[in-house]
Amino acid sequence: MTDHETVPAPAQRIAFARVVPEFHRNLIALDRLAQAGLGDPVIADLVNLRASQLNGCAFCLDIHSRDALKHGEGEHRLHTLAAWRETPFFTARERAALALTEAVTLVASTHVPDDVYDEAAKHFSETELANLLGMIITINALNRVGVGTRMSPAPR
């Protein structure tokens, strides 16, 4: 092996979607339902990527970064998403969604502070906010499937 060869990903533990296809399809359906209800594909891409960064889900990072690029997201925003607070690249609405994403994703340590929730409520209608929460919940569930089963992106 040379220094330029890639190292294979860890072996997948279980083919979750194949073993429990109905459960997996329903997780995907919930995610699509929440995304449709939110109606903002830019926010959807940012939420999916930020939660996946926090959870370390390689499969989801690969899928959602490609989706974001297909939807017209700029590479500079994708490259700086992990440090969104320190950049001028995100709107107040996007920042509120990202803060809520982080708080819900890290719920055991944050308990979703009132100020984070209240800021999101300023930028999203009640229905949008409920769908945003639904998206955050489903991407976290999907990240747990990906990390727990060691799903990895397909080599390109």
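## Salt bridges, core and surface: a guided walk

Let's begin with charge: the count of salt bridges here comes to 9. Keep in mind as you look around that this is a predicted model.

A good one to find is the pair Arg 77 and Glu 73, whose side chains meet with N and O 2.5 Å apart. Are these two residues buried or exposed? Arg 77 counts as buried because its relative accessibility is 9%, under the 20% cut-off. Glu 73 is buried too, at 11% relative accessibility.

Next, turn to Glu 102, which forms a salt bridge with Arg 85, with 2.7 Å between the closest N and O atoms. This pair links distant parts of the chain, since Glu 102 belongs to helix H6 while Arg 85 sits in the loop between helix H5 (75–80) and H6, 17 residues apart. The two partners fall into separate accessibility classes: Glu 102 is buried at 10%, whereas Arg 85 is partly exposed at 48%.

Helix H6 offers another bridge. The side chains of Arg 93 and Glu 128 meet at 3.7 Å, N to O. Here, too, distant parts of the chain are linked: Arg 93 comes from helix H6 and Glu 128 from helix H9, 35 residues apart. Arg 93 has a relative accessible area of 23%, so it counts as partly exposed, and Glu 128, with 22%, is also partly exposed. Which residues make up the network around this pair? Asp 40, Arg 93 and Glu 128 are linked in a network of salt bridges.

Arg 93 also leads us towards the nonpolar interior, as one of the residues touched by Phe 124. Beyond its neighbours up to four places away in sequence, Phe 124 touches Leu 38, Ile 43, Arg 93, Ala 97, Leu 129 and Leu 132. Phe 124 itself belongs to the largest nonpolar core, a set of 35 residues. Within that core, the residues touching the most other members are Ile 43, Val 47, Leu 81, Leu 100, Phe 124 and Leu 132. Which helices supply at least two residues each? They are helix H2 (21–38), helix H3 (41–55), helix H4 (58–70), helix H6 (92–105), helix H8 (114–123) and helix H9 (126–149).

Polar residues can be buried as well, and Thr 105 in helix H6 is a nice example. Its relative accessible area is 7%, and Thr 105 is therefore buried. Where does the side chain of Thr 105 reach? It comes to 2.7 Å from the backbone oxygen of Thr 101. Leaving aside neighbours within four places in sequence, Thr 105 is in contact with Ala 51, Leu 54, Asn 55, Ile 136, Asn 140 and Arg 144.

His 64, placed in helix H4, is another buried residue, with a relative accessible area of 11%. Apart from residues up to four places away in sequence, His 64 touches Asn 48, Leu 49, Ser 52 and Ile 139. If you would like a distance to check in your viewer, the C-alpha atoms of His 64 and Leu 81 are separated by 13 Å, with their positions 17 residues apart along the chain.

Finally, let's step out to the surface. Ile 14, Val 19, Val 20 and Phe 23 make a nonpolar patch of about 320 Å² there. Val 19 lies in helix H1 (residues 16–19). With 42% relative accessibility, Val 19 counts as partly exposed.

Terms used. Residues numbered from 1 in each chain as written. Predicted model: local features only at pLDDT ≥ 70, side-chain atom pairs only at ≥ 80, totals over all residues. Heavy atoms only, no water. Patch = residues over 30% accessible without salt bridge, like charges linked within 9 Å, V, L, I, M, F, W, Y side chains within 5 Å. Areas by Shrake-Rupley, 256 points an atom, 1.4 Å probe, with all protein chains shown as cover. Salt bridge = Lys/Arg side-chain N within 4 Å of Asp/Glu carboxyl O. Helix = DSSP H or I, 4+ residues; strand = E, 2+ residues; numbered from the N terminus. Buried < 20%, exposed > 50% of the residue type's maximum accessible area, 1.4 Å probe, protein only. Core = buried A, V, L, I, M, F, W, Y, C linked by side-chain atoms within 4.5 Å. Contact = heavy atoms within 4.5 Å. Polar contact = N/O pair within 3.5 Å; in protein donor to acceptor, adjacent residues only side chain to side chain.
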